[in-house]
Amino acid sequence: VTAKVAGLNQSVNKFSRNLGYQTEGSGPATVIAGSTFVDVAHGMAYTPNLNSVRASPITDTGALRWWVESVDATTIRIRMNAAPGANVSFGWSVAP
């Protein structure tokens, strides 16, 4: 069913846990040694807002900085300021 909900401000109100419409997700990501970023398929049915994406390193970053650089209709990009000498694993999540 596709319809507007009367009386709701779509920029403020959030809908989640909708069957058949992926609104939340999480998973692993790895920046491979020698690379400076990883693109991860997020699987959302919409383009998440950059502020709704979270990532945390699971393995040592070797004192390198990292951030969620961008998000588009299909992927999240996690960037590091320099290429690590060993793989760096992250956990990520998206929630409305």
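## Burial and surface

A residue is called buried when its relative accessible area is under 20%. In this predicted model, buried residues make up 26% of the 96 residues. The accessible surface of the protein is about 6200 Å². Carbon and sulfur atoms contribute 53% of that surface.

## Strand content

The protein has six strands and zero helices. Along the sequence the pattern is β-β-β-β-β-β.

Contacts reach far along the chain. Take those with a separation of 6 or more: 63% of them join residues 24 or more positions apart.

## The three-stranded sheet

Three strands form an open sheet in the order S2-S5-S4, with antiparallel pairing. S2 and S4 are the edge strands, and each pairs on one side only. On average, neighbouring strands of this sheet are turned by 25° against each other, direction ignored.

S2 covers residues 37-41 and S5 covers residues 75-80. These two strands pair in the antiparallel sense over five bridges. Ala41 has Thr75 as its bridge partner in S5.

On the other side of the sheet order, S4 and S5 run antiparallel and are joined by five bridges. A hairpin of three residues connects S4 to S5. Val68 has Ile78 as its bridge partner in S5. Trp66 stands opposite Met80 in S5.

In a regular strand, side chains alternate between the two faces of the sheet.

## The aromatic pair

How many aromatic pairs does a search of the whole structure find? The search finds one. Trp66 and Phe90 make up this pair, in an edge-to-face arrangement. Their rings lie 5.3 Å apart, centre to centre, with 65° between the planes. The arrangement counts as edge-to-face because the angle between the planes is over 60 degrees.

Trp66 belongs to strand S4 and Phe90 to strand S6 (residues 88-94), so the pair ties together parts that are 24 residues apart in sequence. Are the two partners buried or partly exposed? Phe90 has a relative accessibility of 1%, so Phe90 counts as buried. Trp66 has 28%, so Trp66 counts as partly exposed.

## A loop residue under cover

Where does Thr61 lie? Thr61 sits in the loop between strand S3 (53-57) and strand S4 (66-71). Thr61 is nonetheless buried, with a relative accessible area of 14%. The value is under 20%, which means that Thr61 falls in the buried class.

Which residues does Thr61 touch, leaving aside those up to four places away in sequence? They are Trp66, Met80 and Val88. Two of these names have come up already: Trp66 stands opposite Met80 in S5. Trp66 also pairs with Phe90.

## A charge over a ring

Arg77 lies over the face of Phe37, at 3.8 Å from the ring centre. Phe37 falls within S2 (residues 37-41), and Arg77 within S5 (residues 75-80). Those strands pair in the antiparallel sense.

Methods:
Residues are numbered from 1 along each chain as its sequence is written. This is a predicted model: local features need pLDDT of at least 70, side-chain atom pairs count only at pLDDT 80 or more; totals for chains, interfaces and linings use all residues. Side-chain values use heavy atoms; hydrogens and water are left out. Helices (H or I, at least four residues) and strands (E, at least two) are DSSP runs, numbered from the N terminus. Buried means under 20% relative accessible area, exposed over 50%, partly exposed in between (1.4 Å probe, protein chains only). Contact means heavy atoms within 4.5 Å. Two strands pair if DSSP finds at least two bridges between them. Accessible areas come from the Shrake-Rupley method with a 1.4 Å probe; for residues, only the protein chains shown count as cover. Rings of Phe, Tyr and Trp (its six-membered ring) pair if their centres lie within 6.5 Å; planes under 30 degrees apart count as stacked, over 60 as edge-to-face and the rest as tilted. A charge sits over a ring if NZ of Lys or CZ of Arg is within 6 Å of the ring centre and within 35 degrees of the ring normal. Axes are lines fitted to C-alpha atoms, for helices over the stretch in contact, and angles run from 0 to 180 degrees between N-to-C directions.
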